[in-house]
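Biologist: I would like to learn how to read a model like this one. Can we go through it feature by feature?

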Amino acid sequence: MKYFVVFFFLTLSLATQAQELHISQKVTGYIYNDNTKLPLNDANVININKVRGAQTDNKGYFEIDVHPNDTLHISLLGFQSLRVKVTNDWLKNKVAKIFLTERAIALEEVVIKPFNLTGYLEVDSKTIPLKENHRYSISGLTSGYETGEYAPNAFNKILGSIFNPADMLYNTFSNKAKEFRKLKDMKKDDTVRNLLASKFDRETLAVLLGIDKKDIPDILQRCNYSESFIQTANDLQIMDAISGCYEEYKILKKVK
C-alpha cells in the first residue's frame, strides 16, 4: 500500500509538471515586408485560442504566450492578414520569421453631399437627417455610442429568437457558444482592446468569434442596433454591442 501511494503521488506530480510545461510556453518572431524585406512595426499578433495579443516593435519583433497547435492571426493596415499555426518546430526553436504581403487597395470615388443651409434654424433643422439612436454609453473610450439592446423592440427580438431555432441569432449564439464565451477574455486584454478600437473592418473580430464578418451586421440588426451604428462604430464598440446582446440572450434562455 505504501509503495502504491508513493507511485500515485509520483505519477500525479509528473503529470502536473507536464501540464505546466504545455501551459506556460512562449514563442517569438520577426515580421517583415515580403516585398522590401524590411521589418514591420506595430503589426498585430492575436492568439485566437487564448485571446491574447502582442505588437511588433521597430525591429518587427514580438513575443506571445501559446499552446501547441494554437493559431496566430497577424494583421497590419495595408497588408494581407495571415494565420500561422504554432508548430512543434516553432516551440523548439522559439523564434520564426514571418512575411506579410502588401495589399493592393483601389480607392473608390467619394461624393460629398453638403447640407444646403439657409441660415434659418426652423428651416435648416428640418433638412438635417436625424439618427434615432436610443442610448449612448462609454466603453473605455472618450466617445459614446448607441447600445441597441435597450431599444423598444430588442427584448422581443432576442426572446423570439430563443423560441425559434431557425432564427439567425439563435443559430449563431447556440452553435458558436464556445467562441462567444471569448468575449469576456477579449475585454481583459489591453492589446486586443486597443487593436479593436483602431479597426473598422470587422476582420479580427470575426476571426476571434469564428464567424463570417458578413454575419455581424445581421447579428446587430437582430439585437436592434441602428444602421448608423452598424456602419460607423469601431470594432471595439461592435464587440461590446454583441457581448451585451449575447449576455441578454443567455439570461433569457435560462428564464424561458
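Modeller: We go from the whole chain to a helix pair, then to single residues. Keep in mind that this is a predicted model.

Biologist: How many helices and strands does the protein have?

Modeller: There are 12 helices and nine strands.

Biologist: What share of the residues counts as buried?

Modeller: The protein has 256 residues, and 38% of them count as buried. Its accessible surface is about 16000 Å². Carbon and sulfur atoms account for 55% of that surface.

Biologist: And the contacts along the chain?

Modeller: Take contacts between residues at least 6 apart in sequence. Of these, 60% join residues at least 24 apart.

Biologist: What describes two packed helices?

Modeller: The angle between their axes and the distance between the axes. Here, take helix H5 (residues 168–175) and helix H10 (residues 215–222). They pack at about 115°, and their axes are 9 Å apart. That angle makes H5 roughly perpendicular to H10, because the class runs from 65 to 115 degrees.

Biologist: Is the crossing of H5 and H10 left-handed or right-handed?

Modeller: H5 passes H10 in a left-handed crossing.

Biologist: Which residues meet there?

Modeller: H5 supplies Met168, Leu169, Thr172 and Phe173. H10 supplies Asp215, Asp218, Ile219 and Arg222. By class, the contact of H5 with H10 holds four nonpolar, one polar and three charged residues.

Biologist: Now single residues. Is Thr204 buried or exposed?

Modeller: Compare the relative accessibility with the cut-off: buried means under 20%. Thr204 is at 1%, so Thr204 counts as buried. This residue is found in helix H9 (residues 203–209).

Biologist: What is Thr204 in contact with, leaving aside neighbours within four places in sequence?

Modeller: Ile46, His73, Ser75, Leu195, Leu196 and Lys199.

Biologist: Where does Ser75 lie?

Modeller: Ser75 lies in strand S5 (residues 71–75). Its relative accessible area is 3%, so Ser75 is buried. Apply the same sequence filter, leaving out neighbours within four places. Ser75 is then in contact with Ala43, Asn44, Ser81, Lys199 and Thr204. Lys199 is thus listed for Ser75 and for Thr204.

Biologist: Why does Arg193 count as buried?

Modeller: Its relative accessibility is 17%, and the cut-off is under 20%. Arg193 lies in helix H8 (residues 190–197).

Biologist: What separates Arg193 from Gln237?

Modeller: Along the chain, they are 44 residues apart. In space, their C-alpha atoms are separated by 9.8 Å.

How values were computed:
Residues are numbered from 1 along each chain as its sequence is written. This is a predicted model: local features need pLDDT of at least 70, side-chain atom pairs count only at pLDDT 80 or more; totals for chains, interfaces and linings use all residues. Side-chain values use heavy atoms; hydrogens and water are left out. Axes are lines fitted to C-alpha atoms, for helices over the stretch in contact, and angles run from 0 to 180 degrees between N-to-C directions. Helices (H or I, at least four residues) and strands (E, at least two) are DSSP runs, numbered from the N terminus. Angles under 35 degrees count as roughly parallel, over 145 as roughly antiparallel, 65 to 115 as roughly perpendicular and the rest as oblique. A crossing is left-handed if the near helix is turned anticlockwise from the far one by less than a right angle, and right-handed if clockwise. Contact means heavy atoms within 4.5 Å. Ala, Val, Leu, Ile, Met, Phe, Trp, Tyr, Cys and Pro count as nonpolar, Asp, Glu, Lys and Arg as charged, and the others, Gly among them, as polar. Buried means under 20% relative accessible area, exposed over 50%, partly exposed in between (1.4 Å probe, protein chains only). Accessible areas come from the Shrake-Rupley method with a 1.4 Å probe; for residues, only the protein chains shown count as cover.
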